[in-house]
Amino acid sequence: MGIRTIREMGDDILRKHSKPIKEMTPRIRQLIADMFETMYDDNGVGLAAPQVGILKRLFVIDCGDPETLEPRPYVFINPEILETRGEVTDSEGCLSIPGRFAPVPRPEWVKVRALDKDMKEFTLEAEGLLARCICHENDHLDGILYVDKATGPVEYVKEE
Ligand code: NI
């Protein structure tokens, strides 16, 4: 399929709860490939399935490697945040709320368990931007948007 349409705030689907994925199918494989393509095309670092209109517990992330800046794609299926530590507030945006940013407090460290693209379970400990992304995308699976958690005004930043 390729690049999919990103649903924007105001679309009811972004407020719904997503359902777990029971098995990998060709359709879900295609969805994952399309989500990466859509995310990279829009210069995002994360994208959740409900953002492309699919209510499944799936998101993709690529914040890059913090040292080499090389791409570092992750697929999370049926994720569960097991543990969090600390709190840090930083500016956050979302592909479903284009051009806008606001300060959002998030854990500075998270431990998450999920299934990968082959439905194999993995556990990941993450900090910094990756931890923030995981929390942001995980919220999308429960219909939560970052503006719900923002502690400051949502500012409009004109795209160049
Ligand atoms: Ni988002």
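The following exercises, each with a worked solution, concern the sheet, the helices and the pockets of a predicted model.

**Exercise 1.** Determine the order of the strands in the open sheet of five strands, and state which strands are its edge strands.

*Solution.* Step one is to list the strands across the sheet: the order is β1-β2-β3-β6-β7, and the pairing is antiparallel. Step two is to look for strands that pair on one side only; these are β1, residues 46–48, and β7, residues 121–127. As a last step, the angle between neighbours may be added: ignoring direction, neighbouring strands of this sheet are turned by 40° against each other on average.

**Exercise 2.** Describe how strand β3 is joined to strand β6, and find the residue of β6 that stands opposite I81.

*Solution.* First, locate the two strands: β3 covers residues 74–85 and β6 covers residues 109–115. Next, consider their directions and links; the two strands run antiparallel and are joined by six bridges. Finally, the residue in β6 opposite I81 is V112.

**Exercise 3.** Place helices α1 and α2 relative to the strands of the sheet.

*Solution.* Begin with helix α1, residues 26–41, which lies across β1, β2 and β3. The direction of α1 is at about 40° to β2, the strand of residues 58–61. Then turn to helix α2, residues 128–140, which packs on the sheet and touches β1, β2, β3, β6 and β7. The directions of α2 and β7 make an angle of about 125°.

**Exercise 4.** For the largest pocket, give the volume, the residues nearest the centre and the origin of the lining.

*Solution.* The volume comes to about 660 Å³. The lining of this pocket consists of 28 residues, and those nearest the centre are N43, G93, C94, L95 and F101. Now assign the lining to elements: β4 (88–94), β5 (97–106) and α2 each supply at least two residues. The largest share, seven residues, comes from α2. By character, the lining of the largest pocket holds ten nonpolar, ten polar and eight charged residues.

**Exercise 5.** Carry out the corresponding analysis for the second largest pocket.

*Solution.* This pocket has a volume of about 250 Å³. Among the residues that line the second largest pocket are C63, R72, Y74, L124 and L130. Both β7 and α2 supply at least two lining residues, and β7 gives the most, with four. Sorted by character, the lining of the second largest pocket contains seven nonpolar, two polar and three charged residues.

Key
Residues numbered from 1 in each chain as written. Predicted model: local features only at pLDDT ≥ 70, side-chain atom pairs only at ≥ 80, totals over all residues. Heavy atoms only, no water. Pairing = 2+ DSSP bridges. Axes fitted to C-alpha atoms, helices over the stretch in contact; angles between N-to-C directions. Contact = heavy atoms within 4.5 Å. 1 Å grid on protein atoms, 1.4 Å probe; cavity = no way out; pocket = protein on both sides within 12 Å on 5 of 7 lines; lining within 4 Å. Points joined across faces, edges and corners; volume = space filled by probe spheres on them. Nonpolar A, V, L, I, M, F, W, Y, C, P; charged D, E, K, R; others polar.
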